[in-house]
Amino acid sequence: MIRPVGCVRHVRHVGYLVSGVLVGVPLLLGLLVLAVVGAALTPLLVGLPLLGVLALSGVPVGVLERRRLRLADPGQPVPGPHRAPHEPGLAAWARLRFTEPATWRELAYTVLLAFVLWPLDLLVLTVAIGVPGAMLGAPVQLAVSGGDTRIAKLWLIDTYPQAVLCAVAGAALLLVLLWPLALYGRARAALARLLLAQREDGQRLDEVTRSRARLVAAFEAERRRIERDLHDGAQQRLVALGMTLGLARLDAPPALAEQLATAHKEADQVLVELRELIHGIHPQVLVDYGLGDALADAADRSAVPVELDVDLPRCAESVESAAYFAVREALANVGRHSGARRAWVTGRYAEGRLGIEVRDDGVGGADPSGGSGLTGLADRLAVLDGTLTVDSPAGGPTVLRLEIPCPVR
């Protein structure tokens, strides 16, 4: 006996198969039109966009099919496998889609659905529902024909007892075939889910990516908080202390005034060092004017003369911060270890990626695997999906290159 809940589930799977036929017929016609027109116009270079549309046709089909899977399993939503592009625009979206494995899985499923799956669904539905349905309607067909009728083009019925018996047999056959039909529908839905749903490793990768982004944001927020506390707290107290010591020198006897002058000088030196520390935590020029001006400021502060050639847009704060500190660390290494007389910093933005190169004319021999600050820089850039490469043969020169995906503000 079929329980009501099981019967509803079977009906859902049948509905899934029927909707697959309804989707598959126009899909087949559309793919054939795109393929024929695109191939015909390819020599004129007009068909190339059509072939590109054909290659991406699996994306909207995948969206539709993931929604259609709710007919079979309403309690199991199917998340999409695609990532969001790092920058706006149709070109960025298409570039990302063409490089994602999920796009090609969706295209494979689209071709499979158009040429194989929906005809197979139609055949199964015809056998499992069409034939029993025709048998169930035998009395009606006989009444309409007025004489005799051939059921499903197979059996000749010319009397009402035969028609009633055929209808009873059709009902029994329908109940018998409903269960294997539901199994087939479940298998079809499982195949679609396998090809169109987000893979578990993709889910974990997305979660890791989001987690890394949250860590970077939290790190930057904490850096800003420390900078603000030092600027508004310790720095102001040191300024007040310097003013108090300066006023105290005016009324103090000579012996004490000399000691107060020494203390005043030390307070001023501490204040200078604190200002440098605050600037190093997060320079205000980076916040106000962007990475280009911040790199110019870092070049001016470098111990080695630096030639700067940068043309950079405003990017995400985390990207600008990581790039700035990487360049500043590189210039510090140039001044401490390379023996270089000059350094060059170039920066460009192209195809959604920020690229910066730091080069010097020093002795070379920098080894990122030796536990230097370069390893920490590489780890910090990796959090943003960036890369750091160092080319530093013995005798020089040393060239440090960094690339970071950079959504433009």
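How many of the eight residues of β7 are buried? Six of them are, so β7 is largely enclosed by the rest of the structure. The legends below describe close-up views of a predicted model, beginning with the chain as a whole and then turning to the sheet that contains this strand.

**View 1. Overview of the predicted chain, with 13 helices and seven strands.** The chain has 409 residues, of which 37% are buried. Among contacts with a separation of 6 or more, 68% are made by residues 24 or more positions apart.

**View 2. The open sheet of five strands, in the order β3-β4-β5-β7-β6.** Pairing within this sheet is mixed. Its edge strands are β3 (306-311) and β6 (387-391), each of which pairs on one side only. On average, neighbouring strands are turned by 10° against each other, direction ignored. Strands of a sheet pair through backbone hydrogen bonds, in either the parallel or the antiparallel sense. The parallel sense is found between β3 and β4, which share six bridges. Within this pair, D309 stands opposite T346 in β4.

**View 3. Strand β7 and its antiparallel partners β5 and β6.** Eight bridges join β7 to β5, and five bridges join β7 to β6. On the β5 side, V358 has L400 in β7 as its bridge partner. On the β6 side, D391 stands opposite V399 in β7. Strands β6 and β7 form a hairpin with six residues between them. In the turn of this hairpin, G395 has a positive phi of about 95°.

**View 4. Helices α11 and α12 lying across strands of the sheet.** Helix α11 lies across β3 and β5 and runs at about 180° to β3. Helix α12 lies across β3, β4, β5 and β7, and its direction is at about 10° to that of β5.

**View 5. The largest nonpolar core, made up of 34 residues.** Within this core, L291, I356 and L402 touch the most other members. Two or more residues come from each of α11 (291-301), α12 (317-338), β4 (343-350), β5 (353-360), α13 (373-383) and β7 (398-405). Helix α12 gives the most, with ten residues. Leaving aside residues up to four places away in sequence, L291 touches L286, L312, E320, A323, Y324, L354 and I356. Apart from this core lies another, of 28 residues, among them V14, V78, Y109 and A128.

**View 6. Residue A326 in helix α12.** A326 counts as buried because its relative accessibility is 1%, the cut-off being under 20%. Beyond its neighbours within four places in sequence, A326 is in contact with L377 and L402. A326 and L381 are 55 residues apart in sequence, and their C-alpha atoms are 8.5 Å apart in space.

**View 7. The disulfide formed by C315 and C406.** The count for this model comes to one disulfide. The sulfur atoms of C315 and C406 are 1.8 Å apart. The link is left-handed, with -135° about the S-S bond. C315 lies in the loop between β3 and α12, whereas C406 lies in the segment after β7. The pair thus links distant parts of the chain, 91 residues apart. Both C315 and C406 are buried.

**View 8. The surroundings of D121 in helix α5 (residues 101-136).** D121 counts as buried because its relative accessibility is 0%. The side chains of D121 and R188 are joined by a polar contact of 3.1 Å. Not counting residues up to four places away in sequence, D121 touches L17, V21, Y184 and R188. R188 is therefore named both as a polar partner of the D121 side chain and among the residues that D121 touches.

Technical notes:
Residues are numbered from 1 along each chain as its sequence is written. This is a predicted model: local features need pLDDT of at least 70, side-chain atom pairs count only at pLDDT 80 or more; totals for chains, interfaces and linings use all residues. Side-chain values use heavy atoms; hydrogens and water are left out. Helices (H or I, at least four residues) and strands (E, at least two) are DSSP runs, numbered from the N terminus. Buried means under 20% relative accessible area, exposed over 50%, partly exposed in between (1.4 Å probe, protein chains only). A polar contact is a pair of N or O atoms within 3.5 Å; within protein, one must be able to donate a hydrogen and the other to accept it, and residues adjacent in sequence count only if both atoms are side-chain atoms. Contact means heavy atoms within 4.5 Å. A nonpolar core is a set of buried Ala, Val, Leu, Ile, Met, Phe, Trp, Tyr and Cys residues joined through side-chain atoms within 4.5 Å. Two strands pair if DSSP finds at least two bridges between them. Axes are lines fitted to C-alpha atoms, for helices over the stretch in contact, and angles run from 0 to 180 degrees between N-to-C directions. A disulfide is a pair of cysteine sulfur atoms within 2.5 Å.
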